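Student: I have a model open and some labels to check. Can we go through what each one rests on?

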Amino acid sequence: MKNLSMIAAVGENLELGYKNRLLCHLPVDLKHFKEITYGHTVLMGDNTWLSLPRRPLPGRRNIVITLDDTDFPGCETVHSIAEALDLVREEEEAFVMGGATMYRLFLPHAAKLHLTRIASAFTADVYFPTINGEEWTLVDSQFVPKDERNAFDLYFQTLIRK
């Protein structure tokens with residue numbers, strides 16, 4: 001879908017998280033995430049929703065994809081990828097924001113990737129799917145050096161499907 005993007009912070013080995021938590025706390029990345037997704041729709045799996053400090057994310061339409069018969073207050077709930085894609089078909093841009101299963105299932109439908117590449121390796125139990133370089137073009141990469149609030153160097157990268 002032309003309007004479907006994915007947004008994730010990953011370690012050097014495409015690590016996403018450990019025990020349903022982010023790899024590390026990077027305020028600069030959280031700010032970047034908010035700037036990109038604010039005013040848009042975010043799609044997430046139920047584990048990602050459960051990991052959020054406040055639910056739902058303010059200023060965004062929140063859609064949770066789950067196989068369970070569970071309500072997620074303040075969110076729309078769907079039970080399939082097809083149902084989620086149908087809900088965002090007319091959106092200017094919608095963002096898949098996790099977790100690992102959602103990234104794997106939505107990657108074939110995504111037109112753009114917004115990746116924060118953290119310049120470090122981490123212990124992880126979930127990973128972003130491998131990105132086939134023949135399918136994607138890097139169109140932007142901004143280096144952000146570590147500082148007193150952010151413990152790691154990182155790159156904000158944007159890739160588009162060829």
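**Helix H3 and its surroundings**

Tutor: Start with packing. This is a predicted model. The buried residues of H3 pack against strands E1 (4-10), E4 (41-45), E5 (61-65), E6 (76-78) and E7 (94-96), and against helix H4 (100-106).

Student: Which residues of H3 are the buried ones?

Tutor: Helix H3 spans residues 81-88, and its buried residues are Ile81, Ala84, Leu85 and Val88.

Student: What makes them line one face of the helix?

Tutor: Look down the axis of H3. The buried residues fall within an arc of 100°, so they line one face.

Student: Which exposed residues sit on the face turned away?

Tutor: Ala82 and Asp86 are carried there. Exposed means over 50% relative accessible area.

Student: Now Phe33. Why is phenylalanine 33 counted as buried?

Tutor: The cut-off for buried is under 20% relative accessible area. Phenylalanine 33 has 18% relative accessibility, so it counts as buried. This residue is found in helix H1.

Student: What does phenylalanine 33 touch, beyond residues up to four places away in sequence?

Tutor: Ile7, Leu57, Arg60 and Met97. Contact here means heavy atoms within 4.5 Å.

Student: And how are phenylalanine 33 and leucine 105 placed, in sequence and in space?

Tutor: They are 72 residues apart along the chain, and their C-alpha atoms are separated by 21 Å.

Student: On to the sheet with E2. In what order do its three strands run?

Tutor: The order is E3-E2-E9, in an open sheet with antiparallel pairing.

Student: Why are E3 and E9 said to stand at the edges?

Tutor: Strand E3 (21-22) and strand E9 (126-127) each have a single partner strand, so one side of each is left without a neighbour in the sheet.

Student: How do you know that E2 and E9 pair?

Tutor: Pairing requires at least two bridges between the strands. Strand E2 (residues 15-18) and E9 pair over two bridges, so the criterion is met. Glycine 17 has valine 126 in E9 as its bridge partner.

Student: Last, the largest pocket. What volume does it have, and how many residues line it?

Tutor: The volume is about 1300 Å³. The lining has 45 residues, and Leu22, Thr48, Ser51, Leu52 and Met97 lie nearest the centre. Elements giving two or more residues to this lining are E1, E2, E3, helix H1 (27-37), helix H2 (46-51) and H4.

Student: How do the lining residues divide by type?

Tutor: Into 23 nonpolar, 15 polar and seven charged.

Terms used
Residues are numbered from 1 along each chain as its sequence is written. This is a predicted model: local features need pLDDT of at least 70, side-chain atom pairs count only at pLDDT 80 or more; totals for chains, interfaces and linings use all residues. Side-chain values use heavy atoms; hydrogens and water are left out. Buried means under 20% relative accessible area, exposed over 50%, partly exposed in between (1.4 Å probe, protein chains only). Helices (H or I, at least four residues) and strands (E, at least two) are DSSP runs, numbered from the N terminus. The arc is that of the directions from the helix axis to the C-beta atoms. On a 1 Å grid over the protein atoms alone, a cavity is a set of points where a 1.4 Å probe fits but cannot get out, and a pocket is an open set with protein on both sides within 12 Å along at least five of seven lines; lining residues have an atom within 4 Å of a point. Grid points are joined across faces, edges and corners, and a volume is the space filled by probe spheres set on the points. Ala, Val, Leu, Ile, Met, Phe, Trp, Tyr, Cys and Pro count as nonpolar, Asp, Glu, Lys and Arg as charged, and the others, Gly among them, as polar.
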